[in-house]
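Okay, everyone, let me pull this up on the screen. I'll talk through a couple of things and then we can chat.

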There are 2 protein chains.
Amino acid sequence: MAHDVTRLRNEAVEIFRAGLKAVDPVGVVKRHLVRRGHHLLVDDRSYDLTAYEGVYVIGMGKAAAAMARAVEEVLGDRVREGRINVKYGYGLPLKKIRVTEAGHPLPDEAGLRGTAHIIELLQRTGERDLVICLISGGGSALLPYPAEGLTLTDKQQVTQLLLQCGATIHEINAVRKHISRVKGGRLARWAFPSALVSLILSDVIGDDLDTIASGPTVPDRTTFADCLHILAKYGLEARIPARVLDYLRRGAQGEIPETPKPSDPLFERVQNVIVGNNRLALVAARQRANELGYHSLILSSFIRGETREVAHVHAAIAQEILSTGNPLPRPACVISGGETTVTIRGDGLGGRNQEFVLAAALDIDGLHDVVVLSGGTDGTDGPTDAAGALADGTTIARARQRRLDPERYLLNNDSYHFFEQLDDLLITGPTYTNVMDLRLVIVG
Amino acid sequence: MAHDVTRLRNEAVEIFRAGLKAVDPVGVVKRHLVRRGHHLLVDDRSYDLTAYEGVYVIGMGKAAAAMARAVEEVLGDRVREGRINVKYGYGLPLKKIRVTEAGHPLPDEAGLRGTAHIIELLQRTGERDLVICLISGGGSALLPYPAEGLTLTDKQQVTQLLLQCGATIHEINAVRKHISRVKGGRLARWAFPSALVSLILSDVIGDDLDTIASGPTVPDRTTFADCLHILAKYGLEARIPARVLDYLRRGAQGEIPETPKPSDPLFERVQNVIVGNNRLALVAARQRANELGYHSLILSSFIRGETREVAHVHAAIAQEILSTGNPLPRPACVISGGETTVTIRGDGLGGRNQEFVLAAALDIDGLHDVVVLSGGTDGTDGPTDAAGALADGTTIARARQRRLDPERYLLNNDSYHFFEQLDDLLITGPTYTNVMDLRLVIVG
């Protein structure tokens, strides 16, 4: 059963890269957007391109540029023009589609300008036009457009206060959608009466359409009245900016149009399609693991929770595989997805994936033939240039030889500097995609 | 795919009980202690009872009484006498073996007296005697015997200080073994030159022999010098009672005998046998799940970590099974063991198993055909009369109908009162066994 740990580590990286490749934005868009003569096929629908005067492209999110490139490759000169907003550094050269780089996770003036360009474009489209909308993770911050009379700062304050009160993500989203001019289906209203096809790369657990990028092209079930109830529930009426409260009250009194509801006929002109998600990456990773001769298992794409605790569970599975061959025999590859969180207590540098691997490294210390890898599919784990890290049963011993104290690095949330010194960072560079994280536990 | 959730809940309890039954102390002892004519077979060894003058029984831990009953049933009149220490309320009527009920988790005077009886008994045994020692969880607190000149309070203070400094369990155990007259193999020295058979019911992750009950009959690899290093590492020399430091220094200078090391010839007279552990319960649970028609999977017997975070991972697996049939198809039963921890922030009543189920209930809220169960095999979860609890996708809705706020109960670590009002506690009464916890995730 002796294995070369270097080989196991290389195979872990190979499996991770196979997962990444499956969610490459160009590839996933082309799988759902197929040109057949003068027809554009999008899953079960067919758009007769001769029936449309113009094809326009809009988009927002980290993957928008790469998705836009795929649209240009599929539709060529049929694209009349386009406008997309991406994160700084995430632009790519395109032919017809113009890119605005803007702030993320905090929206900024550039984002506001880019959104204005998108709205201006939509105002010029009509019933005989086809609009293709490219949505991906980060699309909420990258499409800022506060309701009339409100500011970006107003929105941020409200979000901050709701977060501090322990409001659920659904409650926070209900309020955010109602103080925006584009979220919660309102972007689809701007596009109406054009035909609208939204291609969506999911970065949320469960692929909830109205959560991804705050659902700009998806019906909203919440109301202004719900928002007032939520503020009352957490006693925030007196703490949020007065003009936000005033705005929501006017909305509840019918003075401001509601977000479009599922019954709104405008959605007859809308097709929302999930082109890629975390699961797609997990399935491709499993495929590669199987090809490499591993018994493999997809644990879950719904994984969430404090990253170091989630790491304990993953390490526990490695220990069980070593001891008894459960839940699957060696050589084994356990694959998990979703997205964990980190409660920051120190002032170090790292991200949820690197911290996951550091916590797991402590648990698998001394075990033979065990490798753990965790990486963000966007190539950026926290505020670092690494996607994640990898570790094996010798990692902690190698660290101690160099007089690094792993527990101290973990306590200080300083996983980046720990793995940097061991040369164990997983570096991919920007991947232009974003479907949360991919974790691997390999027992050779 | 519609299932009756009541049936799923009943089956979850049935699977849990099958796990419990497999680690019943009487059963596990009898599986490893077999009388064949005048021979006593213990795994691969055979003891010729005609060669021994007396057979004596000693024991410590929550399961000691039930284990002792099994020994009396196997050996009948061949047992000459015995002395065991159990937790208050964990005694059972026995024929030859006398039971001392004592304090746990905090040792007390009764425990000291019971230990003195055990030592006195061992001093009367010799080369032609056979001693059967019954070890189970809680055996460390239930066999208190501080080193000469030290008190129970001294030991507790040192343990407390080490815990607060973040010392590892191995470091804490090294020190504890060296300020005790019975732990770290020293009990085996008292028994020498008798033949000694230790039957051990494991309550620790990984079944580490020298950790269970602080390894009274197992060689110790740590030294007095190690203890001084540990105290120095955490800067505790000036903070622990002076007489403890003095004692350890005298030990390091060779003035006090070391704990017996693996090379010590006394261990030629000792056979340590693990008769039951968490895995045994998991395997039996899987067997019952299979009989009931479930696809089943043992996730790990090494599970540890903050219970509500571990619950997120378990719920994530349920969600994945519902969505994609990974890691196994429906009807599915995922089984896990080990032992989680709870960081107490509130002042409610509960235990790690009940809190696990409460956290999981929030995650599976609204899901059909999902049941989560978690229970302590000793029948006592935290300071409550419940072994654990169970929940399904309707639990949270039922709670809200009764105006219970589940998040508030979770924040207040008050899972007992939450489940008590819903009549969803898992009650077994004392089981007289202890192999950590058993968790089930069922998707019908």
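So, start with A:Arg279 and B:Glu320: their side chains form a salt bridge, with 3.3 Å from N to O. Keep in mind that this is a predicted model, so to speak of what we have here is to speak of computed values. How many salt bridges are there between chain B and chain A? The count is four.

Now zoom out to the whole interface. On the chain B side 26 residues make contact, and they touch 26 residues of chain A. Together the two chains bury about 2,300 Å², and 60% of that is on carbon and sulfur atoms. Which three residues supply the most of what chain B buries against chain A? That's B:Phe302, B:Arg304 and B:Val313, with 23% of the area, more than any other three residues.

Okay, let's move inside chain B, to a pair of helices. H12, residues 352-363, packs on H15, residues 415-422, with the axes 9 Å apart and an angle of about 70°. Our cut-off for roughly perpendicular is 65 to 115 degrees, so H12(B) counts as roughly perpendicular to H15(B). As for handedness, H12(B) passes H15(B) in a left-handed crossing.

And who's actually touching? From H12(B) you've got B:Gln354, B:Glu355, B:Val357 and B:Leu358. Facing them from H15(B) are B:Ser415, B:Tyr416, B:Phe418 and B:Phe419. Sort the residues of that contact by type and you get five nonpolar, two polar and one charged.

Right, that's my bit; over to you.

Conventions. Residues numbered from 1 in each chain as written. Chains lettered and ligands numbered in written order. Predicted model: local features only at pLDDT ≥ 70, side-chain atom pairs only at ≥ 80, totals over all residues. Heavy atoms only, no water. Axes fitted to C-alpha atoms, helices over the stretch in contact; angles between N-to-C directions. Helix = DSSP H or I, 4+ residues; strand = E, 2+ residues; numbered from the N terminus. Parallel < 35°, antiparallel > 145°, perpendicular 65-115°, else oblique. Left-handed = near helix turned anticlockwise from the far one by under 90°. Contact = heavy atoms within 4.5 Å. Nonpolar A, V, L, I, M, F, W, Y, C, P; charged D, E, K, R; others polar. Buried area = accessible area lost by both parts, 1.4 Å probe.
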